[in-house]
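Trainee: Could we go through this structure together? I'd like to start with some helix packing and then move around a bit.

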Amino acid sequence: MLRRSARWLCVDSTFKKSEAVWNIKFGDRATTHDLDMHRSNSTIPMFSVMDFEGNVVNAAHDPAIPEGECRKIMETMVRHNQTDRILVEAQRQGRISFYMTGFGEEAAVVGSAAGLKSQDYMYMQYREAAALAYRGYTIPQMIAQCMGNVEDPARGRQMPIHYGSPELNVQTISSPLATQIPQAAGAGYAFKLEEADKVCVCYFGDGSASEGDFHAGVNFATTTGAQTMFICRNNGYAISTPTKDQYRGDGIVPRGIAYGMPSVRVDGTDLLAVYRATKELRSVIVGEKQPAMLELMGYRVGHHSTSDDSTRYRGKDEIQYMDDTFNPIARFEKYLVKKGWWSAEETAQIRDETRKVVLSELVRQEKLPLHPPELLFEDTTKEPLPTLKEQRAATLAHYERNKEYYGKH
Amino acid sequence: MRRIARVAASAVASAAQMRQKHIARPSPLPEYESVATENGVSMNLFTAVNSALDVSLARDSKVVTFGEDVAFGGVFRCSVDLRDKHGAHRVFNSPLTEQGIAGFAIGMATVGWKPVAEIQFADYIFPAFDQIVNEAAKLRYRTGGQFDCGGLVFRSPCSAVGHGGLYHSQSVEGYFAHTPGVKVVMPSTPTEAKGLLLAAIEDPDPVLVFEPKILYRTAIEEVNPDYYTLPLGKARTVRAGKDLTMVTYGAQVNVAQLAADELAKDGIDVEIIDLRTIVPWDREAVYQSVKKTGRVIVTHEAPITCGFGAEVVSSLTADCFLHLEAPPTRVCGLDTPFPLHEKLYLPNERKLVEAARDLVKY
């Protein structure tokens, strides 16, 4: 028996020499004689700081956000939630063509934005407008983009809610899902080469994580040591597809671990936990020059978009239960009220003010013209190619002859 | 076994033919071209690409190059020694994922870097199609010019190599020529490969540079070892003639020359235009030539249907209609996947000669 162990020990040390080639650290035993299927039966728990009543349960991880910052966070969440409510109605009235709300995910989005630094660069999917709002993107800016009028610096070229802002270090949103994930890996690698105190933050949903670009981007980030933070909003649905049809593993966070990056699962409706985890991961990313992953568990309270009626694939009782139980704004409000930093009246007041601002902006901007047709021909390439110059001349001449056919411009 | 040996032998034979034929250059050269051969050092196409990358990495700290197997020098030796010279952070291997390479490069370019990303074979660019077509090509437009990825260059070996079969032979330029927002380049000589690649790196738009891999070792000429660029969007008149115009690019330029030599024996004087840039293509050069000769053959390796030749023929039909004395003709690859019956598939010089004789008699 002794001789046999010694012989296998020898085999193990032979394999150990191959560790550098395989880039795997076997520990004290490279081989096993047990055929283990490695079925995981454990679930990674959600990190949480406060309970549903707004009491800090885990004082060791209380991020102790100063009052002023707490107020800014709360104001942003309430204002954005109210903006969503009115703009979704504006879409129903035909005043904008499309809209997507962030109901139920306000703490995940604003909490993570607040845990970052202003120089951190953001790539978004489309349900993270509240992070832009936290950075200072205004209601008039949002409405201008949704209407695509002359006040939209993106020249009215994309569907509503495809925001972006070079001034706020937020890359413009595009519709193809998950394409931003390898891009964020590239930007995070650039920041590492620049030796910058800067991370590239990449938001995406649990559905997007099934795209090939998720695999490509996350793997690329670890092998290059990109300063990138991957933030998955796991809200239970990708349009109508529930997570049980999206994946059968333990959600998204084990994938981060499998690719070789520090990964944390957080209760995305607990603002303090989101803020704390984001801050901690940020310092790991910059300090250790490697990416990290955050999975924020939440629930998509609203419909997927204004083109979707979500009660066709999930019960109203489910929505009601999740909204009542995990309401991120109510939970943070309780925390603030207990601190003596907030009151329910303030929430009502912000809602009222926001309603007035959004409505008056809608009225004002409806009178604004769209970008002139000439702009259709700019920005495909930096200088228009000769073929496009000809198309421009022909199309504009046609437009002049047929203006009444084309309506508002 | 015998069949494999035969295919290999024919590849060697055609490579040898090319070695004899490629060097011919018209004289005098256009003024902007003469710098390309100044203080010339003998280079083949892969060493010219290597020289371009080397010069570019040395003069601009924002240039990086990466892709599958780039670190050790690349499977076609295009990045040899660059890692030692410029550092492991700027010349590095990527994981094996083309969509990742494309997305990663776009991300770097978006924050101000100049990535030169390699796709190992053009045949494998399709996993990156979404990133190139939906993201890179549209970034400037969809953001109203607020963001761009203009520093971005993709390089990729393309076209037939004698025995590449389905997935080591494709000419994919047509797919990208259909995408507003990217530029597409295909050199046919070492000086072009270097000058156009350096121009692509400086160009404010994302550029795809397809390098005909059969020329990597077979095309040899004197190349300026220092920094120079050749203009994107300008064609080269490879050979002047008065009876018929051949419009082509990439390795097919050499095939057109073989055909022109043969046709010269019949007294048919062929003018050859190397487009060099597919997007934007030099319509002026083509139109001028066609207006002079009245007859035109467009020839490329890619399949004929919806290939770039269709664009050239339809444009010049519209714009040079009254000057045409025969139907504009395409001599292209067949509408099959790229087969191992390569010789019969390709628009070889024999096919070009027959088509040209028909056109002159029309």
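Mentor: Let us fix a term before anything else: helices (H or I, at least four residues) and strands (E, at least two) are DSSP runs, numbered from the N terminus, and axes are lines fitted to C-alpha atoms, for helices over the stretch in contact, with angles running from 0 to 180 degrees between N-to-C directions. This is a predicted model, in which local features need pLDDT of at least 70 and side-chain atom pairs count only at pLDDT 80 or more, while totals for chains, interfaces and linings use all residues. Residues are numbered from 1 along each chain as its sequence is written, chains are lettered from A and ligands numbered from 1 in the order in which they are written, and side-chain values use heavy atoms, with hydrogens and water left out.

Trainee: Okay, at what angle do α5 and α6 of chain B cross?

Mentor: The axes of α5(B), residues 98-110, and α6(B), residues 129-136, come within 8 Å and cross at roughly 30 degrees. The two helices are therefore roughly parallel to each other, a label used for angles under 35 degrees.

Trainee: And which residues meet there?

Mentor: From α5(B), B:Gln99, B:Ala102, B:Gly103 and B:Ile106 meet B:Gln131, B:Ile132, B:Glu135 and B:Ala136 of α6(B), where contact means heavy atoms within 4.5 Å.

Trainee: Switching topic, where does B:Lys213 sit, and is it buried or exposed?

Mentor: B:Lys213 lies in the loop between β7 (207-212) and α10 (215-218) of chain B. With a relative accessible area of 5%, B:Lys213 is buried, which means under 20% relative accessible area, whereas exposed means over 50% and partly exposed is in between (1.4 Å probe, protein chains only).

Trainee: What does B:Lys213 touch?

Mentor: Leaving out residues up to four places away in sequence, its contacts include B:Phe76, B:Phe121, B:Cys158 and B:His168.

Trainee: How many disulfides are there?

Mentor: A search of the whole structure finds zero over all chains, a disulfide being a pair of cysteine sulfur atoms within 2.5 Å. For B:Cys158, the closest cysteine sulfur is in B:Cys78, 12 Å away and so too far for a bond; B:Cys158 also counts as buried, at 0% relative accessibility.

Trainee: Last one, how much area do the two chains bury between them?

Mentor: Chain B and chain A bury about 3600 Å² between them, 63% of it on carbon and sulfur atoms; this is the accessible area (1.4 Å probe) that two parts lose on being put together, summed over both. On the chain B side, B:Phe104, B:Tyr141 and B:Arg142 supply 20% of the area that chain B buries against chain A, more than any other three residues.

Key. Angles under 35 degrees count as roughly parallel, over 145 as roughly antiparallel, 65 to 115 as roughly perpendicular and the rest as oblique.
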